[in-house]
Amino acid sequence: MYQRVKEYIQRYHMLDGDDKVIAGVSGGADSICLLFMLVELSRESGFSVVAVHVHHGLRGSAADADAAYVEAVCREQGIELRTFYEDVKGYAKRKGLTLEEAGRDVRRKIFQRALRKEKGTKIALAHHQNDNAETLLWNLCRGCALRGLGGIAPVSGPWIHPLLCLKRVEIESYLENRGISYCTDESNFTDDYTRNRLRSHVIPYLEEQVNSQAVLHMSETMEKMRQVGEFVGQEVKRYGERCIRYENTGTKYLKAVLYKEEFFQVPSALRGFVLHEMLCHVAGRRKDIGSIHIKTLEELLGRQVGRQINLPYGMCAKRCYDGVEVFVQPYETEEDRCPVAARVFERTGDMVIFPENPYTKWFDYDIIKNTVKIRHREPGDYITISKNGGTQKLKQYFINEKIPGSLRNEIWLAADGKHIMWIVGYRQNQKYQITDKTRRILELKFYGGQDDGRKRQSDDFGSRGCKED
């Protein structure tokens with residue numbers, strides 16, 4: 001097995017003799033296997049290893065025992081160890097994330113911080129074939145593009161995954177045969193997290209009832225999809241250079257001009273990819289830029305000159321004579337941006353549990369008439385307060401709820417024109433709530449809760465839930 005890992009590392013050029021590797025070590029079977037593999041490889045190749053352990057502050061004495069075990073293993077192997085203690089629960093609450101999402105964010109930031117501080121060159125994580133199969137299934141279930149079908153890449157910038165050539169059972173067998181113990185996180189066996197349910201129920205069913213080599217075949221397919229993705233990426237870049245011009249705006253953001261005539265010479269199968277890359281390039285990030293934005297942007301090309309739509313991260317797309325201009329609307333400071341994330345997704349028949357978080361709400365996307373705007377109150381605002389359609393002026397609502405006048409101009413609102421869909425932190429409009437007839441759902445998530453729910457800067461927000469002005 002060691003030889004397979006070694007060949008896999010060489011195949012993807014993961015490590016060189018002058019590398020300094022930051023290895024994520026939780027104490028579980030996967031990360032302990034990774035650590036021992038790296039130690040053995042370092043003796044052959046000459047690279048150095050620094051272990052990083054993240055204590056999430058969630059499992060009490062069990063987490064303390066994991067940290068102590070990792071410390072003992074690293075001491076025995078002569079490996080430097082850096083342990084970080086983090087309040088993941090508090091981070092999740094501040095950011096409006098699940099514990100699973102928060103833990104992933106915290107670990108990623110710590111690994112990157114350790115890479116800089118230690119002057120490292122690579123970050124090695126212990127994901128294996130089963131993890132990759134879970135990732136593929138999760139991506140398929142929630143919707144993904146070509147990139148998502150590639151799963152976890154063996155190499156992505158400084159991030160490397162030397163164990164992606166192994167199954168979980170092989171890792172556990174390797175440790176057992178060598179008499180190496182490891183920690184077991186009992187939370188991995190609960191159904192609290194989506195990945196746990198895929199791990200405990202879906203993948204075993206596929207292996208037992210469909211094909212015993214299901215995980216291997218999914219791994220092979222993901223590798224092929226990554227190759228396809230690389231080819232598509234090259235073609236998208238080539239066509240993008242023909243139909244898009246980027247202009248410096250004097251800020252950190254670029255302005256893009258998409259030329260309609262040249263764009264329609266791009267093969268139809270690649271047009272969505274070209275538009276996606278353009279939006280990501282202007283926004284400076286990829287998260288939460290999805291198919292709904294691509295669709296509305298392409299539709300804008302068929303509108304008259306002057307029409308415009310709002311997009312994520314303060315972007316605006318405006319129909320011009322030559323095609324479409326995409327730019328980031330100016331703000332005085334970065335802090336002025338409204339801390340909101342949004343997504344639109346199809347409702348499934350078994351979707352009956354709605355968010356209970358007061359700063360995360362779902363809305364019936366299909367009945368929204370205008371661009372959803374996140375702003376503060378304006379004259380004429382009103383809200384539907386009863387199931388029979390009764391409305392109330394926003395001013396009267398504030399009075400009835402005894403909300404201090406000093407706060408009323410600071411409360412964020414999600415607005416469909418003058419119709420208030422959500423008084424953030426207070427009430428959701430009855431009219432926009434999910435019903436049995438709802439086909440698509442708009443999710444709005446306000447990060448930071450009440451602290452971020454009351455800031456004086458307004459923001460027109462284009463999201464997966466946006467419609468045209």
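Mentor: Before we look at any helix, one cut-off: a residue is called buried when its relative accessible area is under 20%, and exposed when that area is over 50%. Keep in mind that this is a predicted model. With that cut-off, the buried residues of helix H13 (residues 291–300) are Ile292, His293, Ile294, Thr296, Leu297 and Leu300.

Trainee: What covers the buried residues of H13?

Mentor: The cover includes helix H12 (268–283) and three strands, E9 (308–311), E10 (315–319) and E11 (323–328). Contact here means heavy atoms within 4.5 Å.

Trainee: Let's step back to the whole chain. What makes it as compact as a globular protein of that length?

Mentor: The chain has 16 helices and 20 strands. Its radius of gyration is 25 Å, and the globule rule gives 23 Å for 469 residues; the two are close, so the chain is as compact as a globular protein of that length. Along the principal axes, the C-alpha trace spans about 70 × 55 × 50 Å.

Trainee: How many of the residues count as buried, and what share of the contacts comes from residues 24 or more positions apart?

Mentor: Buried residues make up 48% of the 469. Among contacts with a separation of 6 or more, 70% are between residues 24 or more positions apart.

Trainee: Now H2. How do you know that it is largely enclosed by the rest of the structure?

Mentor: Count its residues: twelve of the 17 are buried, so H2 is largely enclosed. Among them are Cys33, Leu34, Leu35, Phe36 and Met37. Their cover includes helices H1 (2–11), H3 (61–77) and H8 (168–178), along with strands E1 (20–24), E2 (48–55) and E4 (122–124).

Trainee: And how does the span of H2 compare with what is expected?

Mentor: Helix H2 (residues 29–45) reaches 24 Å from its first C-alpha to its last, close to the 24 Å expected at 1.5 Å a residue. Just after H2 comes Gly46, with a positive phi of about 95°.

Trainee: Which residues other than glycine have a positive phi?

Mentor: His13 is one of them, with phi of about 50°. Lys402 is another example, with phi near 55°. His13 sits in the loop between H1 and E1, while Lys402 is in the loop between helix H14 (394–400) and helix H15 (405–408).

Trainee: Why are His13 and Lys402 called exposed?

Mentor: Set each value against the cut-off of over 50%. His13 has a relative accessible area of 66%, so it is exposed. Lys402 has 72% relative accessibility, so it counts as exposed too.

Trainee: Then why is Glu118 called buried?

Mentor: Its relative accessible area is 12%, which is under 20%, so Glu118 is buried. Glu118 lies in the loop between helix H5 (99–117) and E4. Leaving aside neighbours within four places in sequence, Glu118 is in contact with Lys20, Ile22, Val50 and Arg82.

Trainee: What makes Ile244 buried, and which residues does it touch?

Mentor: At 11% relative accessible area, Ile244 is under the 20% cut-off, so it is buried. Ile244 is in strand E7 (residues 244–248). Not counting residues up to four places away in sequence, Ile244 touches Ala256, Val257, Leu258, Val274 and Met278.

Trainee: Where is Ile244 relative to Glu118?

Mentor: Their C-alpha atoms are separated by 40 Å, and the two residues are 126 residues apart along the chain.

Methods
Residues are numbered from 1 along each chain as its sequence is written. This is a predicted model: local features need pLDDT of at least 70, side-chain atom pairs count only at pLDDT 80 or more; totals for chains, interfaces and linings use all residues. Side-chain values use heavy atoms; hydrogens and water are left out. Helices (H or I, at least four residues) and strands (E, at least two) are DSSP runs, numbered from the N terminus. The radius of gyration is taken over C-alpha atoms; the globule rule is 2.2 Å times the number of residues to the power 0.38. Buried means under 20% relative accessible area, exposed over 50%, partly exposed in between (1.4 Å probe, protein chains only). The expected span of a helix is 1.5 Å times one less than its number of residues.
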